[in-house]
Amino acid sequence: MRKLVYMECTSTFKNPVTPKVLIVRGKRFPVNTILQRAKMQAVRTPSATHLYFQLQLKNRQIVDVLYDESKKEWYLDDYESFQFDA
């Protein structure tokens, strides 16, 4: 299940959105590495663009997050298996 979360980011000319810290239930999880990055157009709403990231956090956990550019919201995929104590 996908869950709305918060993300601290930086931005540069080359990469307008770069995740730095994932925030889930008030707890901060710094990003160690961006493993994958992709830009996707929504099928049902062609004007909507989503940015997909696969991140490795500092605690070695690998997560998939999605940024909805039109809503300016971040979503964590597979929220149920997220390890809060890792």
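Two strands count as paired when DSSP finds at least two bridges between them. With that in hand, welcome to a short tour of this predicted model.

**Figure 1. Strand 2 and strand 3 make a hairpin.** Two residues sit between these two strands, and one residue in the turn, Arg25, has a positive phi of about 50°. Strand 3 covers residues 27–41 and runs antiparallel to strand 2, with four bridges joining the pair. To find your way along this pairing, look for Ile23, whose bridge partner in strand 3 is Arg28.

**Figure 2. Strand 2 also pairs with strand 1.** Here the sense is antiparallel, and the pairing extends over five bridges. A handy landmark is Cys9, which has Pro19 as its bridge partner in strand 2. How much of strand 2 is covered? Six of its seven residues are buried, so the strand is mostly covered, where buried means under 20% relative accessible area.

**Figure 3. A closer look at Thr18, in strand 2.** The strand that holds Thr18 takes in residues 18–24. Is Thr18 buried or exposed? Its relative accessibility is 11%, and therefore Thr18 counts as buried. Which residues touch Thr18, once neighbours within four places in sequence are left aside? They are Glu8, Cys9, Thr10, Ile34 and Arg37.

**Figure 4. Strand 5 and strand 6 form another hairpin.** Four residues lie between strand 5 and strand 6, and Lys72 in the turn has a positive phi of about 60°. Strand 5 spans residues 62–68 and pairs with strand 6 in the antiparallel sense over four bridges. Within this pairing, Tyr67 has Trp74 of strand 6 as its bridge partner.

**Figure 5. Lys71, in the loop between strand 5 and strand 6.** Lys71 has a relative accessible area of 52%, so this residue is exposed. How far is Lys71 from Ser11? The two are 60 residues apart in sequence, and their C-alpha atoms are 18 Å apart in space.

**Figure 6. Strand 1 meets strand 6.** Strand 1 (residues 3–10) and strand 6 (residues 73–76) pair in the antiparallel sense, with three bridges between them. One pair to look for is Leu4 with its bridge partner Tyr75 in strand 6.

**Figure 7. Asp85, in the segment after strand 6.** With a relative accessible area of 72%, Asp85 is exposed because exposed means over 50%. Asp85 and Met40 are 45 residues apart in sequence, and 32 Å separates their C-alpha atoms in space.

**Figure 8. Stepping back to the protein chain.** How many helices and strands are there? The protein chain has zero helices and six strands, giving the order β-β-β-β-β-β from the N terminus on. Its C-alpha trace spans about 40 × 30 × 20 Å along the principal axes. The radius of gyration is 13 Å, which agrees with the value near 12 Å for a compact globule of 86 residues. Of those 86 residues, 40% count as buried. Among contacts with a separation of 6 or more, 36% come from residues 24 or more positions apart. The accessible surface comes to about 5700 Å², and carbon and sulfur atoms account for 51% of it. Finally, the chain has 14 positive and 9 negative charges, and the mean positions of these two sets are 6 Å apart.

Key: Residues are numbered from 1 along each chain as its sequence is written. This is a predicted model: local features need pLDDT of at least 70, side-chain atom pairs count only at pLDDT 80 or more; totals for chains, interfaces and linings use all residues. Side-chain values use heavy atoms; hydrogens and water are left out. The radius of gyration is taken over C-alpha atoms; the globule rule is 2.2 Å times the number of residues to the power 0.38. Buried means under 20% relative accessible area, exposed over 50%, partly exposed in between (1.4 Å probe, protein chains only). Contact means heavy atoms within 4.5 Å. Accessible areas come from the Shrake-Rupley method with a 1.4 Å probe; for residues, only the protein chains shown count as cover. Lys and Arg count as positive and Asp and Glu as negative; His and the chain ends are not counted. The place of a charge is taken as NZ of Lys, CZ of Arg, CG of Asp or CD of Glu.
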